Amino acid sequence: MHKRTFLKSITLAGLGLPQLGKSNTSSLIIDSNLPAPIVAKDEKFWKSVRALYKIKSDYINLESGYYNMLPEETLEQYLAIIKEVNYHASFYMRTRQFKERAAQNQLIAQFLGGSEEEIVLTRNTTESLDLIISGYPWQLGDEAIYAEQDYGAMIDMFKQVAKRNGVVNKMVSVPNIPQSDEEIVSIYEKAITPKTKLIMICHIINITGQILPVKKICDMAHKYGVEVMVDGAHAVAQIQFNISELGCDYYGASLHKWLAVPLGVGVLYVKKEHQSKIWPLIGENESVQGINRLNHFGTNPVHTYLALQFAIQFHHKIGAANKEERLRYLQQYWTTKVISIPNIILNTPSESKRSCAIANVGIKGLKPADMAETLLKKYRIYTVAIDSAGVHGCRITPNVFTTLAELDQFVAALKEMAA
Ligand SMILES: Cc1ncc(COP(=O)(O)O)c(C=O)c1O
């Protein structure tokens, strides 16, 4: 019989961090010897994970893509930190704040497999990536490449630097169902000219859930001397990866998405060799060098950043591999049931390496907004409608607390609506 153990967690005391709030995950017992694909189908285990959340009964939540709700224990720990900071007030802000926030930086750097000298905490992906786009040392006529499936806030910043700095933007389109990595790489490669400086790519496209071959795109771009900035809003803590192995130059993500940190925490990675050429979003004292030069944060909700430690602990208690496998299993559970139904259009590739939790489904002849409304009003299933960039359907995002019974209800609803 396998030994029953709790999954390993990062030691907070070792980082000099306060250990506030009680953990309820003592009920979360898992055999650490079991391979993730087996754990992914252990409904008893996932039922015990679900019990750690306060789930609304009004509707089935299949929209975890905006942000991931916190399990009750992270919420309690977060509230305890808010009280602690409030109790010590200005004294806390003038004394402990900097060391404790820096310790969170260290935690996220470890989590991503990178160095504290290249990674800092921000408010969100938007801040991280817009800092790079707006702070890049653009020259008149420089070119940038992005895809129409990229996130609007970053595209808007590229449009601003086009007006302000005379940057020429080239927009490509990524097919919803690609045939190969090479097909995607060549789409970006064909848009490169001698004037191209920067390519933006999504690690996971938010409207379809498609995972892009980041390393292959970076390797190709670097051959032309072009830098790559990755939008990892949905990748951190949904899929496992090591940031140093991706080969990108810049990376931004939101930790309130799949890591389930309270709202308002993101991360920025800037390769050391690029740090000094980027203009900060907020001016910093000239004595501050390295990545911290790009990270002047002023008076900030430090308690929100301090909650990162608890979110990471929770993530490790479930197990990164177990979580990724479970999320992919849930997505494949419903997509395989509907893929061959007449009138159903899946906008997400089925290959395991090209998708995980998120998938997008449309119904022939039905507007995505009407589809989302019917799902909510008639079937009590909450999703989000997507109707742009060649993607027409509802984005479906289950989470670790989603049950197979809920997905069965969704599949039954889709069947009725498609008929
Ligand atoms: C791909 C992608 N990039 C960026 C963002 C922006 O994230 P935030 O609003 O947390 O900055 C999102 C948000 O959903 C996203 O899906």
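The chain has 15 helices and 13 strands, and the model you are looking at is predicted. Its radius of gyration is 22 Å, close to the 22 Å that the globule rule gives for 419 residues, so the chain is as compact as a globular protein of that length. If you draw a box along the principal axes, the C-alpha atoms fill roughly 60 × 55 × 40 Å.

**Two domains**

The domain assignment splits the chain into domain 1, residues 93–310, and domain 2, residues 321–418. Their C-alpha centres lie 28 Å apart. Where they touch, domain 1 gives 16 residues to the contact and domain 2 gives 19 residues. On the side of domain 1 that touches domain 2, you will find 6 nonpolar, 9 polar and 1 charged residues.

**The sheet of 7 strands**

Let us turn to the sheets. One of them is open and built from 7 strands, in the order 2-8-7-6-5-3-4, with mixed pairing. Strand 2 (119–122) and strand 4 (168–172) stand at its edges; each has a single partner strand, so one side of each is left without a neighbour in the sheet. From one strand to the next, the twist averages 20°.

Inside this order, strand 5 and strand 6 sit next to each other. They pair in the parallel sense, over 5 bridges. To find a spot to look at, try Met 200, which stands opposite Met 229 in strand 6. Helix 7 (residues 181–191) lies across strand 3 (143–147), strand 4 and strand 5, and runs at about 155° to strand 4.

**The sheet of 4 strands**

Another open sheet has 4 strands in the order 9-10-13-12, and here the pairing is antiparallel. Its edge strands are strand 9 (344–346) and strand 12 (384–388), each pairing on one side only. The twist in this sheet averages 35° from one strand to the next.

Strand 12 and strand 13 (residues 391–396) run antiparallel and are joined by 5 bridges. Which residue stands opposite Asp 387 in strand 13? The partner is His 392. Likewise, Ser 388 stands opposite Val 391. Strand 12 and strand 13 form a hairpin with 2 residues between them, and Ala 389 in the turn has a positive phi of about 50°.

Here are the two strand pairs described above, set side by side.

| Strand pair | Direction | Bridges |
|---|---|---|
| Strand 5 (residues 196–202) and strand 6 (residues 227–231) | parallel | 5 bridges |
| Strand 12 and strand 13 (residues 391–396) | antiparallel | 5 bridges |

**Around the ligand**

Finally, take a look at the ligand. Which residues are around the ligand? They are Asn 124, Thr 125, Thr 126, Tyr 151, Ala 153, Cys 202, Asn 206, Asp 231, Ala 233, His 234 and Ser 254. Sorted by class, this shell has 4 nonpolar, 6 polar and 1 charged residues. Two names on the list link back to the sheet of 7 strands: Cys 202 is around the ligand and belongs to strand 5, residues 196–202. Asp 231 is also around the ligand, and this residue belongs to strand 6, residues 227–231.

Terms used: Residues are numbered from 1 along each chain as its sequence is written. This is a predicted model: local features need pLDDT of at least 70, side-chain atom pairs count only at pLDDT 80 or more; totals for chains, interfaces and linings use all residues. Two strands pair if DSSP finds at least two bridges between them. Axes are lines fitted to C-alpha atoms, for helices over the stretch in contact, and angles run from 0 to 180 degrees between N-to-C directions. Domain bounds come from an automatic or database domain assignment. Two residues are in contact if their C-beta atoms, placed from the backbone, lie within 7 Å. Ala, Val, Leu, Ile, Met, Phe, Trp, Tyr, Cys and Pro count as nonpolar, Asp, Glu, Lys and Arg as charged, and the others, Gly among them, as polar. A residue is near a molecule or strand if its C-beta atom, placed from the backbone, lies within 6 Å of it. The radius of gyration is taken over C-alpha atoms; the globule rule is 2.2 Å times the number of residues to the power 0.38.
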